[in-house]
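Got the viewer open? Let's take a short walk through this structure, one selection at a time.

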Amino acid sequence: MRVPVSWLKEYTDLPEGTTAQDLAARLIALGLEVETVDAVGADISGPIAVGRVLEIEELTGFKKPIRYCRVDVGRANGTGEPQHIVCGARNFGEGDLVVTALPGAELPGGFAISARKTYGKVSEGMICSASELELWEDHTGIIVLPAGSAEPGDDAYGLLGLREDVLDIAVTPDRGYALSVRGVAREAATAYGTAFRDPAEVEPAGTRGGGYPASVADPAVCSRYVLHGVTGFDPEAPTPLWMKRRLALTGVRSVSLAVDVTNYVMMELGQPLHAWDRAALQGPIEVRLARSGEKLETLDHVTRALDPDDILITDESGPINLAGVMGGLSTEIGLSSTDVLVEAAQFAETHIARASRRHQLSSESSRRFERGVDSAVQPAAATRAVRLLAELGGGTVDPHYTDIAGGAAAGPRPIAIAGDHPDRVAGVDYGRERVIAALEQVGCTVEQGDAQTLRVTPPTWRPDLTDPNDLAEEVVRIEGYDTIPSIPPRAPAGRGLTPSQRLRRSIGRRLAATGFAEVLSYPFMGERDLDGLQIEGDDPRRDALRLANPLSEDEPLLRTTLLPGLLKTLVRNVGRGFSDVALYEIGLVYRPRPGAPDHAPMLPVDRGPSPQEQETLARALPDQPRRVGAVLAGDREPATWQRRGSPANWADAIETAREAARSANAELIVRSAQHAPWHPGRCAALYVRVDGEERLAGHAGELHPRTVAAYGLPQRTAAVEIDLDVVEAAGEPVRAPLVSGYPVALQDVALVVEDGVSAAEVEDALRAGAGELLEDVRLFDVYTGEQLGAGRRSLAYALRFRAPDRTLAAEEIAAARDSAVAAAAERTGAVLRG
Amino acid sequence: MSAPNNSFDPVEVTPLHPDEVARMRDEALTAIAGAATLEELKEVRLAHAGDRSPLALANREIGALPPSARADAGKRVGGARREVGEALKQRQAELEEERDARVLVEEAVDVTLPTGRLPQGGRHPVTTVAERMTDIFVGMGFEVAEGPEVEAEWYNFDALNFLPDHPARTMQDTFFVESPAGGASGLVLRTHTSPVQVRALLQRDLPVYVVAPGKTFRTDELDATHTPVFHQLEGLVVDEGITMAHLRGAIDAFVENMFGSGLNTRFRPSYFPFTEPSAEVDMECFVCRGASVGNPAQPCRTCSSEGWIEIGGCGVVNPRVLTAAGVDTDRYSGWAFGLGVERTLMFARGVEDMRDMVEGDVRFTSAFGMEF
């Protein structure tokens, strides 16, 4: 809501010298979110004055007709002599009053006025249009002031309101009353303790009853309906400049006098109005809900199919208005409308809100109805409108008006609160007297109940006040939020972070310490990502949730894997000149639950949900496992003066998974696998053991060349993705190891195995065969070559033996080694290399 | 070796003559002093202290002397040999020291050569600042609650007193999840961390003191000051006898721990459906502390010369929320707050463009290291 300060001052006398900034600060302290104070016209300066056109000389021979005018500007030019001004507009004549910017003036946009030669004449200034002065949008020509409204030489600043301070207020949904100058002025009066003159306090023009015939079919959707008319109105009467200016300052475009008046009263009182050409109405008006199949062409030339939930204004021709949202085209006020009927109503908030969303029509009117309008202001608003129409458009106000009040439902309901409730909410000792005073200040009627309670009836313009805490807020804000003391909370002893929360931090630190940079990518993806990842049609990762309103049509899906975001971030970094990149992300993926209901149930809010209800709601949500993903490209260890670079490969990806698993103290079991988007020969499935059973934790390896191509990745990019919840479940608390001080015995064995036998199998066999004396196994060499023959490789292991209680004898060591080799031979066909 | 010859006068045995012993000793000492290297000294040792050195040979002659003369001669030769031995030892030490000094100089390296092996990694500052914010409250005894990112509308809106057709429901631009069959699913990407309030109240025993950091979503296009995916830290306290004063105390403690002591905070009345009364929280600008206000000569980029920085929203938990979460509102009341993680990071570390936090450029993340 944009509120010109000069307009606000009509309803309260702010203290002398009050600046717009001070006013804004006080309103903010009261809870109105003043976003900016616009000093409109602050960039206009210098002599701008009223002039009378004395003589017009038409200049010819140019591309367009040009006028050379002699203009009386009084003594505004310092001499009193007429000013000679060249002008391209044609909407004025000799004797008209115009607005002139004289040499030395500066107009918006740094446009300096000086005497200069143009079209063969010296022009000593400019005759101004409304657009040039940024008064309002008008491209029809210069401003012509009404005859007799000013004298040549009069200063134009005050006359036109060239400079205005305007408060721009972001009105929160609870404060509908602040969508009016009236509402903001009332708060200003509270802020300064000045008297408030209510513009809604007007005597009705005429008598109630006997106006235009109307009925309300359902008082539940329309609790107040007022119609008042004007006859003999001049449809060509112009909107006065002051009204145009005020509307422009509030952000409303001037249309015609009749429409401008309804908008002006809406800005003034917050009550949306509608004006019809009465001649276009057919028979009595009925307010009712729409029937299925009905249609209405609205003012924006869109024919709308109506919903049975829409409130309609109808006459014998059918629907004429989508109530509270937009008028119909057939009854629009036009240039020939001499009889005008004004409607001021209160419609049910929720119906207007739904209609506005359904028809995607958010109007100044619907915004106010949605938030709730003053339930008693309708007669005053209609009166203000018809009086202005009659006054400015030369019509006659009908002696009778229609006023249908639909029962008590619409009015404010009393609220019982404990007298010290605000004190207990705020932690401040206000006392009963100050509580009552604050509530009365905002317009409530307060009755003393018993010793403890108050019976508070909110004012008609505050439909948001329904609960005791609403009243508490009013008291606290009137007393000032700055009076709330600061007392540290005293929580009971907490248990700190959970193991899972600690694990995430630990993994992050580990990966960052090993050279990975964390990314937090958007969890959105598209079909193209799934295609690029070579994910087949029946893969569960294809089963992604879809957003109804994605930011990008290319990425409407919620990620089922962390890889798309990581890979795109990798490409971005490579594109910025970083060829050696290692990235990780820890985040959720979203996997729809098989058999989930199509729609999550809506639970009641007037009580807590039962465990069963919570369970049904939980079933509607997707699984959201937490994953760790990482990608690597370029050199894992870049070349330095000491050593050659070591390119990132599949092994680094698996090692990254191991790093993460180490944080959880879980051991990964690595098996070769074929799984998109990984290279089928360089992909590991990673398992962990949970309660004795193997569970798949994720995959790691080199990416498939087609994925590399699809994303434009560096060759041989490697990636890993594991499920953190699974890894965490596999973690076991560390048991203190037995540290033996006896000597170690080292034994190396080289084993020849057929291709297809995995190193992990060989190592498992060695461990099993070596028995308890084995302390560690380390693979230190892999050899293939002609000596071995094709299809074979040699794996060289260093075995470390040690006993907890003695120095091992040579025979024991040999026996353990032989047993290890025998187990490897038996399980994997390994042959000891001679 | 000569046989004992009792008739000889000791002084007549030339090698044992005092002058001769002194001469051998002086010769040895001169040679030792003249040895320039350890190798030369080795040769000198052999020549003057070895088995066949003149002094060693002289020593053998002592046995040939009559017993009365042996002691005197032994003392003389022994003394000379000790002196030579001492000199050798000392010269050996000197030469070793010289050699060591030379070798260590030769082994010197340029220690300013780069030493890194792995590229520099880092945790995302949004992660670490959220942890820091969380830890401030954990230090006060709060626990960390969590909830899903794809959330039921009931938790995200209804239970938080966003009525189905109230304008507040459209105040937050929401990502809606489609049902697999098309149409509405009743699921959204959570627009705030506040649904965790309801979950915490349903899952935990009272009193509840929790914070909930997490990802939140709104349909804003990415620009310098907006991102559709951002992070909040929710705080919730529900206990007996809770007032706005305790809320203010918690906020003040946060500001002091995060930005430094002595900074004022300010509550401004505002509106959130799930708190009543509601407030926006500002803190005094920790950079200019208000000195930039109305002072064009000293503009402040952190607070845009406003003197105050908005850090979040808060309020007294609306009793309707407590009711929807099954809490007895006659006995319990509470407060809640929501702080912006990205905002906190922007202010605390001078991040000027939201896109830097989103794009995942390694230069940005690595600069922040491991901890906030």
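## Stop one: the cores

This is a predicted model. Start by selecting Phe254(B), Ile311(B) and Phe337(B): of the 72 residues in the largest nonpolar core, these touch the most other members. Next, colour helix α9 of chain B, residues 244-259, which gives the most to this core, with nine residues.

Now zoom in on Ile311(B). What does Ile311(B) touch, leaving aside residues up to four places away in sequence? You'll find Ile251(B), Phe254(B) and Val255(B), then Val281(B) and Met283(B), and finally Gly338(B), Leu339(B) and Gly340(B).

Hop over to another core, which lies apart from that one and has 56 residues. To locate it, select Leu30(A), Val34(A), Ile169(A) and Phe233(A), which are among its members.

## Stop two: a sheet in chain A

Stay with chain A and show strands β41 to β44. They make an open sheet of four strands, in the order β42-β43-β41-β44, with antiparallel pairing. Which strands sit at the edges? Those are β42 (774-783) and β44 (831-832) of chain A, each pairing on one side only.

Inside the sheet, pick β41 (745-754) and β43 (792-801) of chain A, an antiparallel pair joined over 10 bridges. Click Ala745(A), and opposite you'll see Phe801(A) in β43(A).

Helices come next. Select α21 of chain A (810-828): this helix packs on the sheet, touching β41, β43 and β44 of chain A, and its direction makes about 15 degrees with that of β41(A). Finish with α20 of chain A (759-770), which lies across β41, β42 and β43 of chain A and runs at about 35 degrees to β43(A).

Key
Residues are numbered from 1 along each chain as its sequence is written. Chains are lettered from A and ligands numbered from 1 in the order in which they are written. This is a predicted model: local features need pLDDT of at least 70, side-chain atom pairs count only at pLDDT 80 or more; totals for chains, interfaces and linings use all residues. Side-chain values use heavy atoms; hydrogens and water are left out. Two strands pair if DSSP finds at least two bridges between them. Helices (H or I, at least four residues) and strands (E, at least two) are DSSP runs, numbered from the N terminus. Contact means heavy atoms within 4.5 Å. Axes are lines fitted to C-alpha atoms, for helices over the stretch in contact, and angles run from 0 to 180 degrees between N-to-C directions. A nonpolar core is a set of buried Ala, Val, Leu, Ile, Met, Phe, Trp, Tyr and Cys residues joined through side-chain atoms within 4.5 Å. Buried means under 20% relative accessible area, exposed over 50%, partly exposed in between (1.4 Å probe, protein chains only).
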